[in-house]
Amino acid sequence: MARARRRSGRSSNIANAGSPEEAADGASPASPTPTENGAHSAQPDPSRQDDEKCPACADDQTQEEKDAGQESWVRCDACRTWFHWRCVGKGDLEVIDKWYCRPCLDADTKRVITMKPPARKSSRKKTQRDYAGLHAGQEADPGRWLRMMQGKEIKPHSFKHMKGSEVTLEWLEHDDTALTEPIIIDSAEGLGMKMPPSDITVDEIAEIIGEDTPVEVIDVSTQSNLPGWTLEKWAEYVDTEPEKRDKIRNVISLEISGTSLADKILPPRLVREVDWVEKFWPITKKGRGHSYPKVQLYCLMGVEKAWTDWHIDFAGSSVYYHILHGEKVFYFIRPTPSNLAAYERWSGTEMQNHSWLGDMVDDVYKVELQGGNTMIIPTGWIHAYTPRDTVVIGGNFLHSYNVATQLRVREIEISTHVPKKFRYPFFSRLCWYTGEKYLRDLKAKEEFSPRVLESVEALAEFLVSEARAIERGTEQARREAKEQVPSDRVKDPAAMARELRWRVKFATGYTSDDESSHRRKGKTTAISSVASVGEKRKRSVDEDEEKHLLFKNFKPRIWDKVTVLPTEEESRTLKRKKMDDSEGLDVWAAGTDLEDDPDADEGVTVKRRKNMVVKVRRTAKGLERQRIERITEDWVWDEPKQPVPSISPHASPSSTPPPSVNLNGKRDSEKDEGEPPTVAMEIEGAR
């Protein structure tokens, strides 16, 4: 590749220098030094006489030409001889990729002067920005961040310390504060995860993954990525004594899915149960050879005094964070609307170089973690220090308990121009998979907590906006939005998104007759009320207007008579082994009846509740009747080796239940009677 440089004066040894590196070996202050775009520059040396010539210099060159501004030099890629660019070339030297002098071109006709591709030219003009969107060119000082926070008010945290056995799906469903603040698990016992040995070294990690594996290393002083690093080179750097390290560096983005190290890791049980990738991305489209969001397994390695500037994990994803060995200090800022707005103003601007984000928000909290500790950081928390060499296993996950904030963080990433490389991969496609599954669940009358329904509503609004981009956006916007739709699951994205929005609104007790994206002001009730200013009038389900509700791409079914029969309850006892991790959920979701297990010693009490809804309406051909039967079963295992009476054959359960984490299983089934058997809309059209 052509080497170029600019200088004010000329030195007699430049013309015949073999390479800029050789020239730099001398003690001359005019020796060229590397710059960020691969070129070489030199500072003027007043002591040198301005009488140098290149092999192409003309004898009649004027003194004005010799003294004009910054002198540009170019080196032949064949003979490595340096020339004045004004003597041998025309145009912009910066666009030249490979350059040869005239004698070398004449000697070999295969040699051709080539130009840099436009994309390479653009990317080489600036240092690559890290995932937090930091600009290059800031002060190269590894202690800048710590000095900036000196004297600032840092509050001690009041976050929960929990046992691993307490971090369950039941806790998340029944505690409204769950996953709204970071939680600290002092011991991994009961957390349902698997980790490598706590004394694993960076050398061993490099050997397991592969020493030639490329790794993105961050220069702490500039928060920018350093190219050309491998795990072998990183391990050598970590093994260097702290006082002998030339710079402070950090590794925070080594994704290890599909490696031998990944076989030694299992994320916490709760993470696996709520992670959208685990729940909604098709199993047939994951694994080797498939493109999917690989964000569940990261190995983070920081050295003493390394820090990461304030940031939010991509797409507001939550994080689990287990320290194998070392120490970590976190500083947290709550993701309130005002704090997120301050972060948006600060991120990716010159303010990052001289302003501490903590001065622009309400409070900053400090958390100290030791080896063996695990932390779960919820959606959107702004965070950032490594007092000792540390090895951490962590991962990111999206979930259905704070989708609105996840989408808000994504908007911030777009507005602050975070490169796509540093955003959550396949985010929109994952949202389509998730929305499609929730639509099927809502149609099957699955029950969800208000917190999940609120999140699904936010997800539906996002998918509707994606559908609008496909329908009415610019050509590029339509193409990009359409490429993210998984055609294997979503055939009509516009209809799917709007039906999901309608169904989740109905499930939460609201009605809507347009595509308004703003939230509703209140729930509908059986009694009509007068709407306040700026609020839609609430309708009673008995009003004739109900029949005339307008839904884009969807028309709800109207029933003439809906009868809800009394709930039937019964309790039975079976002999059945208690479910464990080896049995899995497939046997419980197979849809067949469970019978006594002759090899089981455990007794299980099955409480069944049956609800029946019968709907009738007149049709053009006669009458249509739908009978919807829902059977819910709670499975509670008794103490081992207790006498277990057999269940009578005629009262055996009609379907197999999927158990929850606490071994209580629930199932729903629906049975329809009458002609036609269509059950596209049941409850939502009832009146």
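User: Quick one to start. Is Lys 445 buried or exposed?
Analyst: Lys 445 is buried, with a relative accessible area of 12%. Keep in mind that this is a predicted model.

User: Why does 12% count as buried?
Analyst: Because buried means under 20% relative accessible area, and Lys 445 has 12%.

User: Where does Lys 445 lie?
Analyst: In the loop between α15, residues 427-443, and α16. Its phi is near 65°. That is a positive value in a residue other than glycine.

User: What sign does phi mostly have?
Analyst: Most residues other than glycine have a negative phi.

User: OK, what about phi of Arg 80?
Analyst: Phi of Arg 80 is near 60°, and that value is positive too. Arg 80 sits in the loop between β4 (71-75) and β5 (82-84). Arg 80 is partly exposed, at 43% relative accessibility.

User: Let's zoom out. How many helices and strands are in the protein chain?
Analyst: The chain has 18 helices and 23 strands.

User: And how much of the chain is buried?
Analyst: Of its 687 residues, 47% are buried. The accessible surface is about 34600 Å². Carbon and sulfur atoms account for 49% of that surface.

User: What does the largest nonpolar core look like?
Analyst: It has 123 residues. Trp 234, Met 301 and Trp 310 have the most contacts inside it. Helix α16, residues 450-472, gives the most to this core, with 10 residues.

User: Which residues are in the other core?
Analyst: That core lies apart and has 15 residues. Among them are Trp 73, Val 74, Trp 82 and Leu 93. As background, nonpolar side chains tend to be buried together in soluble globular proteins.

User: Switching to charge. Which residues gather in the patch of negative charge?
Analyst: Asp 199, Asp 203, Glu 204, Glu 207, Glu 211, Asp 212, Glu 232, Glu 236 and Asp 239 gather there, on the surface. Two elements, α8 (202-209) and α9 (231-239), give two or more residues to the patch.

User: Take Glu 232. Where is it found?
Analyst: Glu 232 is in helix α9. At 34% relative accessibility, Glu 232 counts as partly exposed.

User: Last one. Where is Thr 213, and how far is it from Thr 230 in space?
Analyst: Thr 213 is in the loop between α8 and β11 (217-219). Thr 213 and Thr 230 are 5.4 Å apart, C-alpha to C-alpha. In sequence, these two are 17 residues apart. Thr 213 is partly exposed, with a relative accessible area of 22%.

Conventions. Residues are numbered from 1 along each chain as its sequence is written. This is a predicted model: local features need pLDDT of at least 70, side-chain atom pairs count only at pLDDT 80 or more; totals for chains, interfaces and linings use all residues. Side-chain values use heavy atoms; hydrogens and water are left out. Patches are made of residues with over 30% relative accessible area and no salt bridge: like charges are joined within 9 Å, nonpolar side chains (Val, Leu, Ile, Met, Phe, Trp, Tyr) within 5 Å. Accessible areas come from the Shrake-Rupley method with a 1.4 Å probe; for residues, only the protein chains shown count as cover. A salt bridge is a side-chain nitrogen of Lys or Arg within 4 Å of a carboxyl oxygen of Asp or Glu. Lys and Arg count as positive and Asp and Glu as negative; His and the chain ends are not counted. The place of a charge is taken as NZ of Lys, CZ of Arg, CG of Asp or CD of Glu. Helices (H or I, at least four residues) and strands (E, at least two) are DSSP runs, numbered from the N terminus. Buried means under 20% relative accessible area, exposed over 50%, partly exposed in between (1.4 Å probe, protein chains only). A nonpolar core is a set of buried Ala, Val, Leu, Ile, Met, Phe, Trp, Tyr and Cys residues joined through side-chain atoms within 4.5 Å.
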